[in-house]
Every structure is written in structure tokens, then in C-alpha cells.
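User: Could you take a close look at one part of this model for me, namely the packing around a single core residue? I'd like to hear how that spot ties in with whatever lies around it.

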Amino acid sequence: MQPVGLIETPLGNIYILFHEQTPNHRKSFIQLAEAGYWDSLTFNRVIPNFVAQGGCPDTEEGFNDPEYLLSPELDSDLTHIYGAVGAGRDENPGKVSATCQFYIVQNPKGLHRLDGDYTIFGQVIRGMDVIDQIVGIPTSAENTPIRPISMIVKILQMEEKEIDKLKAVDKII
């Protein structure tokens, strides 16, 4: 059995497979999901051909709660391809992640200019059509959806054959 992230939205479901190379980010995401952390939050920043970002919103002072900060886990094999799931962060020089915020790369060509600067800890294996819908929603000047896109995040335990069936639908990875 393997943990798979499930993000339920009003527009459909998104399934995420976690990378073994980023154990601290993986563990943190699973813990927050199981605690229901994101279940009252939304995708708060969406930009077509860039990302759909959800979780705790950016603040003027950045992310300064050490309980929700993680050291970077950068791996050159994990890049910002279409559907990559990464940990949000402010402009801190240590590249420390805010565990409460994540983003999903929506640009079909990827966002390789971000490689090596942000921790990639997962990959969407089904539901990029949902992400494409989310980034297409009208937004404010701050890239916040005018109509909030709520989320409920769960962790499923799945067998490899179940995961393969999910992957087969979207053929993302």
C-alpha cells in the first residue's frame, strides 16, 4: 500500500503520487491532510500557464511560523514538469518551504526556471483537467479566484495496480 493524495474540489478530483526523494515534505503533507488542515481553505492563487496554488495565503511578512517551515529537499531528478506538486515559499535565501502551501504546475511545457529553487514533492497522476479548469477561472488583480475553489484533502492508501489505473487515464507520467 502506498499513500496517494486526493484533493476534492467542486470541479473534480486531483490525485497526487508522492516522491520518495522528499520524505520530510511528503510526511508533512500527509500529516496536514490527515489533520484536515486544508479542508476549510481554497486555491488562493491561480495563474494560467503557471500554477494553481493552495493552502495558507501569502502574507506581507512572509512565512514566519517555524512549526510550518521545512528545510529544502532539492533533487535534480525532480523538476517542474506539467503536474509537478511543489511546496510554496517566500523569497527567503534558505529556500525554506511553507508546509501549509502547495502549488501544482499547470504550464504544459513545465516551469524549469524554478528547478533547484523550490521543493517538488509530488506529481499529479490524475486530474490535470481539473487544474486546467481552476486556472481558467476569473481572478482578482492578485490572481485570487473571484469564485473561491474550496478543497478537501485526503490521503488514500492504494495498491500499485490501483495507482496504475489512475495514471492510465491522464497519461501524465
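Analyst: Start with F43, which, leaving out residues up to four places away in sequence, touches I7, T9, I14, A52, Q53, G54, F102, I131, I134, P145, I149 and M151. Keep in mind that this is a predicted model, with a mean pLDDT of 89 for the chain and 91% of residues at 70 or more. One stretch to treat with care is 59–66, where the pLDDT is below 50; beyond near neighbours in sequence, that stretch has 10 contacts in the model.

Back to the packing. F43 belongs to the largest nonpolar core, a set of 28 residues, and is among those with the most contacts inside it, along with I7, I14, F102, I104 and I134. Quite a few elements chip in two or more residues each: strands 2, 3, 6, 8, 9 and 10, plus helix 1 and helix 2. Helix 2 gives the largest share, 5 residues. Apart from this core sits another one, of 11 residues, including I47, A84, Y103 and L114.

Strand 2 deserves a stop of its own, since I16 is found there, within residues 12–18. I16 has 0% relative accessibility, so it counts as buried. Setting aside neighbours within four places in sequence, I16 is in contact with V4, G5, I7, V85, G122, Q123 and V124. I7 also turns up on the F43 contact list. As for L6, 10 residues from I16 along the chain, the two C-alpha atoms are 6.4 Å apart.

Q53, another F43 contact, leads over to the largest pocket: Q53, R45, F50, R89 and Y118 are the lining residues that lie nearest the pocket's centre. The pocket holds about 220 Å³ of space and has 14 lining residues, split into 5 nonpolar, 3 polar and 6 charged. Strand 4 (51–55) and strand 8 (101–105) each supply at least two of them.

Finally, a couple of backbone oddities. Most residues other than glycine have a negative phi. N49, in the loop between strand 3 and strand 4, has a positive phi of about 60 degrees without being a glycine. With 49% relative accessibility, N49 counts as partly exposed. K95 likewise has a positive phi of about 60 degrees and is not a glycine; it lies in the loop between strand 6 and strand 7. K95 has 24% relative accessibility, so it is partly exposed too.

How values were computed. Residues numbered from 1 in each chain as written. Predicted model: local features only at pLDDT ≥ 70, side-chain atom pairs only at ≥ 80, totals over all residues. Heavy atoms only, no water. 1 Å grid on protein atoms, 1.4 Å probe; cavity = no way out; pocket = protein on both sides within 12 Å on 5 of 7 lines; lining within 4 Å. Points joined across faces, edges and corners; volume = space filled by probe spheres on them. Helix = DSSP H or I, 4+ residues; strand = E, 2+ residues; numbered from the N terminus. Nonpolar A, V, L, I, M, F, W, Y, C, P; charged D, E, K, R; others polar. Buried < 20%, exposed > 50% of the residue type's maximum accessible area, 1.4 Å probe, protein only. Contact = heavy atoms within 4.5 Å. Core = buried A, V, L, I, M, F, W, Y, C linked by side-chain atoms within 4.5 Å. pLDDT = per-residue confidence, 0-100.
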